Amino acid sequence: MTAAASSARSYAIPAGPLANALNRFADVSPLQLLYSGETTRGLRTRGLNGSYTSQQALAQLLGGTGLTFRFSGGSNVTIERPGAPVAVGAAPAGAISLDTIDVEGASSSDPGRTEGTGAYTPSVTATATGLQLSPRETPQSVSVITRQHIEDFNLRSVSEVIDHTPGLSAVNSGGERVTFYARGFPVRNFRYDGVPISFQNFAGGNATTEQRTDMAMYDRVEVLKGASGLLTGVGDPGATINMIRKKPTRAFQGYTTLSAGSWNDYRGELDIGGALNESGTVRGRFVTAHQDNESFLDHYHRKSSLFYGIIEADLTPDTLFTVGADYQRSVPRGTANGVIIMFNRLGEFNEMPRSFNPATNWATWEAYTYNSFVKLEHRFDNEWRVKLQLNHQIGGYDATNGCACGGFPDPLNGTGVTMWRSVWTSKAETTAANVYATGPFWLFDRKHELVLGGSSSRQSRVRVNHDPADSNVNVPDYYNWTGNFPKPGWIPFLPDDPNKEIFEENSFYAMTRLQTHDRLKVLLGARITNYEARQRIFGTSSHLKKSGQVIPYYGAIFDITDVLSAYASYTGIFQPQAALNEQGTTLPPIEGINTEVGLKAAFFDGRINASAAYFQVKQDNYAVPTGGLTPIGTPAYRPADGVITKGFELEISGQLSPQWQLQAGFTHNISMLNNERVASTPTPANQFTFYSTYKLDGALDGLMVGGGTRWVDTTSDKVTHPIDGSIWHTAPSYWVVDAMASYKFNDKLSATLNIRNLLDNKYYTFYGWYNSYSWGAPRSVLLSMTYRF
């Protein structure tokens, strides 16, 4: 046995199929493992969490499996059944040799990493409970878009990722603003490496920057469906989006990608990293991306940039320190605050060309985000670990709005439309801290797990508006609009008039996972939150303070067979809201419960994960439109108790064969109040998502083909009709089909062709508040070349 093999290392390998665990062990161990596939078939391990020598770690992983191991020269280790007739130093017939993959930094700091795995499903996720659990062990619906999925379909922004995520949808709410929805609710809960940052803001606020988030710096996106009361606390019951950053590797690696596509779409990426000292205890990574593109919309142009850097340092074999930062900026021109007017003066649907852009040439919505973060993690010999995370974010936008978006155009001469013009400047600063400890404990001769943690966050935002000096300016001819319109002078608000918001939250949470039976695990937990919000929005002030708000979390997983489990979960909901009634008073916070039951399965040693879930959300103080207006002219709402949202989800993801990857899902949900449907947001009752790739072999070795589709059911919302007043409008359902092909010339060079909306389907989404709609993008083509170092 070598000296390297006898030194202690930190491991975080979850319980599960033995073959998967040995692969993860090989990632961080200096040993080369030799064993036959038949030897480990059907066997499972209790996992490994803590600091061990290689010999201790193997003994722990193989405990209870009936297998033995022996060093067969140097760093080679043979795993076999007792009494197997193998010569010393030789590998058994049909042995599998796992080459040492030198990515210790990535493996130790991110056990669930998907980069380099080629998989469409994760091995573990901690988004729901804080514990590193497999998808099957997690008692809630979780969808993960892995790095391989992102690269295969060239998903460059989080908006594009959402389009591929089962159960999520997006609505263009004007200009650069896209609102995400899940289970009928807007999604405003974001996490970065697990640290929650929520956007409880008005009129888009800084969530605008999230929808343009560049995916070059992320390993994966984990989407937790339903309420996330345990780890997020305050938040919507639709979903939580957890953005997991790429981590450094010890071995030098990198790539550069150049791409070009329809509408003068040009982009370059560079990702490079590796060890910064000889021993590899300090590792770094740098990612940058730059994009310059036009659009299918007339006179639209956008430039964007990303810079990301991270350093990891092993302060001791069991202590990891991480520091990093990222900066993103988006500068569009010809972007509108609203979108296409829905009705003409006669009350007919105002069908305009897909290229029609109601923005002026000078309209813009420049958005930026600075993030800096620090993490300190220590693992103890008793398998416990403690992690401290700090995140500081500054983000905002500078929007100069000019949009031919008001009124109803006369179909004969194009008159009747007024300009929307204003300047909005917003800046938000968020500081968040999260600390937790997790580890095992023994009770009644069984091993259980415990999570104890606390978090604190403060978010402050200021938005200043400037109105035009001349109001109610008419557009001469809407149907011959080109975007050429004079830029007005602006009248600024007084210094004490800006919209201000301050959100503060301090929480403590605890959760235990009890192994009550060999097949039954029970999760019990709660989060105690102190929340305070102070807002001044368009001249209306409000103050909400809530102390000692308890958000419970219960769950259970029962293993029916070795591959199939049944689960149930229950969590509370507490969501302050900015909706106003007709008197201009803020509605009380939404409170309720989220329950979910279902089945989960893991096939082929976890290479395929499948789930079926039924969920129900009960909410009080739910904001329902009254049809009237607030004193400031925005839509008014009333609180409604007993709003019930029910639905079900089906999802499958993973590797059907060594060449075939798949991710697909179907979701149904509907909200009811007193047996009548509630639809205050334009979300579909049904939607379907399917994406897949297949690697060819033989004469076509190196070629991969793939494609997918998403179907979105009809959507409805209230709009203002020029003749009938407030009415319900329904947008038709639609399909979008995508295709891709890639060819690997050699180990370093590859090319990928992506075709979006292959069948060039014409469809639209709409935003009821603005009485407007936007066309989906026509067919587009994107070609990328990637060179790996």
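**Exercise 1. Overall make-up**

What share of the contacts in the protein chain with a separation of 6 or more comes from residues 24 or more positions apart? Describe the chain as a whole as well.

Solution.
- The model is a predicted one.
- Residues 24 or more positions apart account for 67% of the contacts with a separation of 6 or more.
- The secondary structure of the protein chain consists of 8 helices and 47 strands.
- The chain has 789 residues, and 57% of them count as buried.
- Its accessible surface comes to about 30,200 Å², with 57% belonging to carbon and sulfur atoms.

**Exercise 2. The nonpolar cores**

Find the residues of the largest nonpolar core that touch the most other members, and state which elements supply at least two residues of this core.

Solution.
- The largest nonpolar core has 34 residues; Phe180, Met215, Val221, Ile241, Met243, Leu306 and Tyr308 touch the most other members.
- At least two residues of this core come from each of these elements: helix 7 (158-164), strand 11, strand 13 (189-192), strand 15 (218-225), strand 16 (239-245), strand 19 and strand 20.
- Another core lies apart from this one; it has 20 residues, including Ala404, Val417, Met419 and Phe485.

Next, list the contacts of methionine 215, leaving aside its neighbours within four places in sequence.

Solution.
- Methionine 215 is in contact with Arg147, Ile150, Leu155, Arg156, Ser157, Val158, Val161, Val221 and Met243, once neighbours within four places in sequence are left aside.
- Val221 and Met243 from this list also appear among the core residues that touch the most other members.

**Exercise 3. Two hairpins that share strand 18**

Trace the pairing from strand 17 through strand 18 to strand 19, and give the turn residues with positive phi.

Solution.
- Strand 17 (residues 253-261) and strand 18 (residues 265-275) run antiparallel and are joined by 9 bridges.
- To fix the register, take threonine 257, whose bridge partner in strand 18 is glutamate 269.
- There are 3 residues between the two strands of this hairpin, and tryptophan 263 in the turn has a positive phi of about 60°.
- Strand 18 also runs antiparallel to strand 19 (residues 282-294), through 10 bridges.
- For this second pair, leucine 270 has threonine 288 in strand 19 as its bridge partner.
- The hairpin of strand 18 and strand 19 has 6 residues between its strands, and the turn holds glycine 280 with a positive phi of about 80°.

**Exercise 4. The open sheet 10-11-12**

Which strands stand at the edges of the open sheet, and why is one side of each left without a neighbour?

Solution.
- The sheet is open and has 3 strands in the order 10-11-12, with antiparallel pairing.
- Strand 10 (168-172) and strand 12 (185-186) are the edges; each has a single partner strand, so one side of each has no neighbour in the sheet.
- Strand 10 and strand 11 (residues 178-182) pair over 5 bridges in the antiparallel sense.
- One opposed pair here is leucine 168 and alanine 182 of strand 11.
- Contacts also reach this region from strand 45 (residues 764-767), where threonine 765 is placed: neighbours within four places aside, threonine 765 is in contact with Ala170, Val171, Asn172, Tyr734, Tyr773 and Ser774.
- Threonine 765 has a relative accessible area of 15%, under the 20% limit, and is therefore buried.

**Exercise 5. Two loop residues with positive phi**

For arginine 183 and phenylalanine 444, decide from the relative accessible area: buried or exposed?

Solution.
- Arginine 183 lies in the loop between strand 11 and strand 12, and phenylalanine 444 in the loop between strand 25 (417-443) and strand 26 (446-468).
- Arginine 183 is not a glycine, yet has a positive phi of about 55°; phenylalanine 444, also not a glycine, has a positive phi of about 55°.
- At 1% relative accessible area, arginine 183 is buried.
- At 74%, phenylalanine 444 passes the 50% limit and is therefore exposed.

**Exercise 6. A nonpolar surface patch**

Identify the residues of the nonpolar surface patch and the strand with the largest share of it.

Solution.
- The patch covers about 830 Å² and is made by Leu276, Ile311, Leu315, Val323, Val374, Leu376, Phe380, Val386, Leu388, Leu390 and Val435.
- Strand 20 (301-316), strand 23 (364-379) and strand 24 (385-407) each supply at least two of these residues.
- Strand 24 has the largest share, with 3 residues.
- Take isoleucine 311 in strand 20 as a check: its relative accessibility is 38%, between the limits of 20% and 50%, so isoleucine 311 counts as partly exposed.

Methods: Residues are numbered from 1 along each chain as its sequence is written. This is a predicted model: local features need pLDDT of at least 70, side-chain atom pairs count only at pLDDT 80 or more; totals for chains, interfaces and linings use all residues. Side-chain values use heavy atoms; hydrogens and water are left out. Patches are made of residues with over 30% relative accessible area and no salt bridge: like charges are joined within 9 Å, nonpolar side chains (Val, Leu, Ile, Met, Phe, Trp, Tyr) within 5 Å. Accessible areas come from the Shrake-Rupley method with a 1.4 Å probe; for residues, only the protein chains shown count as cover. A salt bridge is a side-chain nitrogen of Lys or Arg within 4 Å of a carboxyl oxygen of Asp or Glu. Helices (H or I, at least four residues) and strands (E, at least two) are DSSP runs, numbered from the N terminus. Buried means under 20% relative accessible area, exposed over 50%, partly exposed in between (1.4 Å probe, protein chains only). Two strands pair if DSSP finds at least two bridges between them. Contact means heavy atoms within 4.5 Å. A nonpolar core is a set of buried Ala, Val, Leu, Ile, Met, Phe, Trp, Tyr and Cys residues joined through side-chain atoms within 4.5 Å.
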